Amino acid sequence: MSTWHALLYPIKEGSEETVKELFRNSGRPNFTITDAEGNVVGRLLATMAFVGAGTAIRVIEVEGPLPVVAAHMSRQPEVREFERQLEEHLTEGRDMVSPEGARAFFQKAGMENVLNRRAPDAAAA
């Protein structure tokens, strides 16, 4: 079963267009999450990003525990490069280089999904 999570990025006013481009041009991480023995323990299923006045939000759909997902993301070169480029546009710094720092960021910036409604499938109705 998948879960949805969101991350809040408070960004400096005036940097919105640059941040939009950073999200649009960011690389794709490995979607399969494995443990130290190579067993599949989760998957990245979807990502959406929203940028508005002074705020960016990344929404992710994942399978697997969020702390494991956060650690996986911190090891992905594409994510590390995106986070490095994003850093100068944030109003508050954070550590996305280490798994511990990524977990701390996910805990602080993470938002809980409380509602996900979908219209009924028209073909099934």
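The largest pocket in this predicted model has a volume of about 390 Å³. Its lining is made of 19 residues, and the ones closest to the pocket centre are Ser26, Gly27, Arg28, Pro29 and Thr47. If you would like to trace the walls by element, look at helix H1 (16–25), strand S3 (40–52), strand S4 (55–63) and helix H3 (77–87), which each give two or more residues to the lining of the largest pocket. Strand S3 has the largest share of that lining, with 6 residues. Sorted by class, the residues lining the largest pocket are 12 nonpolar, 3 polar and 4 charged.

Now for the second largest pocket, whose volume is about 200 Å³. Here 13 residues form the lining, and Glu92, Arg94, Phe105, Lys108 and Ala109 lie nearest the centre. Two elements, strand S1 (3–10) and helix H4 (99–109), each supply at least two residues of this lining. Which of the elements gives the most to the lining of the second largest pocket? That is H4, with 5 residues. The class count for the second largest pocket is 7 nonpolar, 2 polar and 4 charged residues.

Here are the two pockets side by side:

| Pocket | Volume | Top element in lining | Lining by class |
|---|---|---|---|
| Largest pocket | about 390 Å³ | S3, 6 residues | 12 nonpolar, 3 polar and 4 charged residues |
| Second largest pocket | about 200 Å³ | H4, 5 residues | 7 nonpolar, 2 polar and 4 charged residues |

To find the pockets in the structure, you can start from Ser26 and Thr47, among the residues closest to the centre of the largest pocket, and then turn to Phe105 and Lys108, among those nearest the centre of the second largest pocket.

Note on methods
Residues numbered from 1 in each chain as written. Predicted model: local features only at pLDDT ≥ 70, side-chain atom pairs only at ≥ 80, totals over all residues. Heavy atoms only, no water. 1 Å grid on protein atoms, 1.4 Å probe; cavity = no way out; pocket = protein on both sides within 12 Å on 5 of 7 lines; lining within 4 Å. Points joined across faces, edges and corners; volume = space filled by probe spheres on them. Nonpolar A, V, L, I, M, F, W, Y, C, P; charged D, E, K, R; others polar.
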